[in-house]
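User: Could you take me through the salt bridges here, one by one, and show me where they sit relative to the sheet and the helices?

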Amino acid sequence: MKKVAILAITFFAISMTVNAQSTDSKYLSKVQTLDSTIETLYGVISGEKGQARDWELFKYLFHPDAKLIPSGKNQAGVIGATFLTPEAYISRAGKMLVDTGFFEKESHRTADTFGAITQVFSTYNSYNNESMDTPFARGINSIQLLNDGKRWWIINIYWMQESEENPIPEKYLPKN
């Protein structure tokens with residue numbers, strides 16, 4: 001019985017390693033630079049109505065302990081934040097993204113790096129389809145990343161949508 005349990009554990013460990021290596025070889029190029037990581041982030045959640053998203057790639061972008069943190073006013077007018085794992089984000093928003101169509105495009109970026117950590121303020125515009133000229137929403141994604149020497153990991157994405165009382169400051173808008 002002990003031998004069967006040891007064999008089962010060994011098989012499980014090998015299959016997990018092979019699966020991780022397969023995912024790495026499939027997606028590693030998408031997290032080699034800061035630019036490719038952020039471009040992949042925006043690209044993977046964007047798509048026309050009815051277009052499936054690559055949630056495996058989405059999850060690959062994030063550190064195992066990462067959080068996605070939308071913030072803003074609730075119905076009572078109180079500002080707060082919701083903390084989601086990548087899996088919880090998919091459960092919460094995935095169907096809506098596909099059902100309505102959603103494109104998020106970066107319009108401006110500032111980045112500060114110290115050692116292996118980078119903080120990015122990425123101004124975004126949101127559209128329901130690629131042909132829309134005017135976004136239905138704008139905001140700022142505060143993205144914290146870590147470069148472990150092999151790849152970039154998204155540690156957190158913390159965002160707030162623009163509102164009349166909280167417009168995006170000029171320094172975070174594109175320069176014409």
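Analyst: Asp35, Glu106 and Arg109 are linked in a network of salt bridges, where a salt bridge is a side-chain nitrogen of Lys or Arg within 4 Å of a carboxyl oxygen of Asp or Glu. This is a predicted model, in which local features need pLDDT of at least 70 and side-chain atom pairs count only at pLDDT 80 or more, while totals for chains, interfaces and linings use all residues. Residues are numbered from 1 along each chain as its sequence is written, and side-chain values use heavy atoms, with hydrogens and water left out.

Within that network, the side chains of Glu106 and Arg109 come to 2.9 Å, N to O. Glu106 counts as partly exposed at 29% relative accessibility, and Arg109 is partly exposed too, at 24%; buried means under 20% relative accessible area, exposed over 50%, and partly exposed in between (1.4 Å probe, protein chains only).

Next comes Lys105, whose salt bridge with Glu130 has its closest N and O atoms 3.0 Å apart. This pair links distant parts of the chain, with Lys105 in strand E3 and Glu130 in the loop between E4 and E5, 25 residues apart. Helices (H or I, at least four residues) and strands (E, at least two) are DSSP runs, numbered from the N terminus. Lys105 is partly exposed at 31% relative accessibility, and Glu130 is partly exposed at 45%.

Now to the sheet itself. Six strands form an open sheet in the order E2-E1-E6-E5-E4-E3, with mixed pairing; two strands pair if DSSP finds at least two bridges between them. Strand E3 (103–114) and strand E2 (79–81) stand at the edges with a single partner strand each, so one side of each has no neighbour in the sheet. Further in, E5 (residues 137–147) and E6 (residues 152–161) run antiparallel and are joined by nine bridges. Ser142, for example, has Tyr158 in E6 as its bridge partner.

On to the helices. Helix H2 (residues 34–45) lies across E1, E3, E4, E5 and E6, running at about 155° to E3. Here contact means heavy atoms within 4.5 Å, and axes are lines fitted to C-alpha atoms, for helices over the stretch in contact, with angles from 0 to 180 degrees between N-to-C directions. Helix H4 (residues 86–100) lies across E1 and E6, at about 45° to E1.

Helix H4 also holds a salt bridge of its own: Lys95 and Asp99 both lie in this helix, four residues apart, about one turn. Their side chains meet at 2.5 Å, N to O. Lys95 counts as exposed at 59% relative accessibility, whereas Asp99 is partly exposed at 38%. The full count comes to eight salt bridges.
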